[in-house]
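Work through the exercises below with the structure open beside you. Each task is followed by its solution in steps.

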Amino acid sequence: MKKVYGSAAEALDGVLHDGMTIAAGGFGLCGIPELLLAAIRDAGTRDLTFASNNAGVDDFGIGILLQTRQVKKMISSYVGENAEFMRQYLSGELELEFNPQGTLAERMRAAGCGIPGFYTKTGVGTVIAEGKEHKDFDGETYILERGIFADLSIVKAWKADPTGNLVFRKTARNFNPPAAMCGKVCVVEVEEIVPTGSLDADSIHLPGIYVHRLIQGTHEKRIEQRTTRAA
């Protein structure tokens, strides 16, 4: 089965459709699938629901899709760093489903393991719990959270082999593994594709069984807030 494609546009060919749900890896601008996001923008796919920790910044990450009004809803933990995200939400142009970060990660991971829902104490007694099923276990109240089953997962990794085994680098690992697990189709961009068998089996963070399509590319690696001191 061919997994390696020549470009982001080629890897997404036949996968995109209006109204779909996309799980995207990354945290801030760290480990985001920037090439795949740009290809989605260029494809013009609309009415998208994104499950992602945040939406990048105004002109990078998912932020470029907010600028073109291609996103209908965000399932996120964090709105900061993106003025357009905040503006669209406050003006009623963008739906927002807030999730605590751990809950969001577990909703993705659970779906990837075939688990439709789980109970957690996080959010009990807050607006997060409104409209959700409550259940008591051993005298403590929990709320039911549903797994996120996405139509498409887009993630960024450091290295891969042609079968799709992935290695993430340090903090760029973040939401990428659970996001990769929960999509019907998983498309990955990496910095380097190495020969099959060259990755140490104990160093593989996500097995290729989850990965359907793969591209290698050059990445910008922006920094959200650069803080320096005088020399």
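**Exercise 1: a residue in a loop**

Arg-69 lies in the loop between H3 and E3. The model is a predicted one.

Task: State the phi of Arg-69 and say what kind of value it is.

Solution. Start with the general rule: most residues other than glycine have a negative phi. Next, read the angle: phi of Arg-69 is near 60°, which is positive, and the residue is not glycine. Finally, look at accessibility: the relative accessible area of Arg-69 is 39%. Buried requires under 20% and exposed over 50%, so Arg-69 counts as partly exposed.

**Exercise 2: another loop**

Task: Find where Asp-47 is located, and decide whether Asp-47 is buried, partly exposed or exposed.

Solution. Asp-47 sits in the loop that joins H2 and E2. Its phi is near 55°, a positive value in a residue other than glycine. With a relative accessible area of 44%, Asp-47 is partly exposed.

**Exercise 3: the nonpolar cores**

Task: Describe the largest nonpolar core and name the element that gives the most to it.

Solution. The largest nonpolar core contains 29 residues. Phe-50, Met-74 and Ile-154 have the most contacts inside this core. Elements that each supply at least two of its residues include helix H1 (8-12), strand E3 (71-76) and strand E8 (150-160). H2 gives the most, with four residues. Now take Met-74: beyond its neighbours within four places in sequence, its contacts include Phe-50, Ile-62, Phe-85 and Leu-94. A second, separate core has 24 residues, among them Ile-148, Phe-175, Val-211 and Leu-214.

Notes:
Residues are numbered from 1 along each chain as its sequence is written. This is a predicted model: local features need pLDDT of at least 70, side-chain atom pairs count only at pLDDT 80 or more; totals for chains, interfaces and linings use all residues. Side-chain values use heavy atoms; hydrogens and water are left out. A nonpolar core is a set of buried Ala, Val, Leu, Ile, Met, Phe, Trp, Tyr and Cys residues joined through side-chain atoms within 4.5 Å. Buried means under 20% relative accessible area, exposed over 50%, partly exposed in between (1.4 Å probe, protein chains only). Contact means heavy atoms within 4.5 Å.
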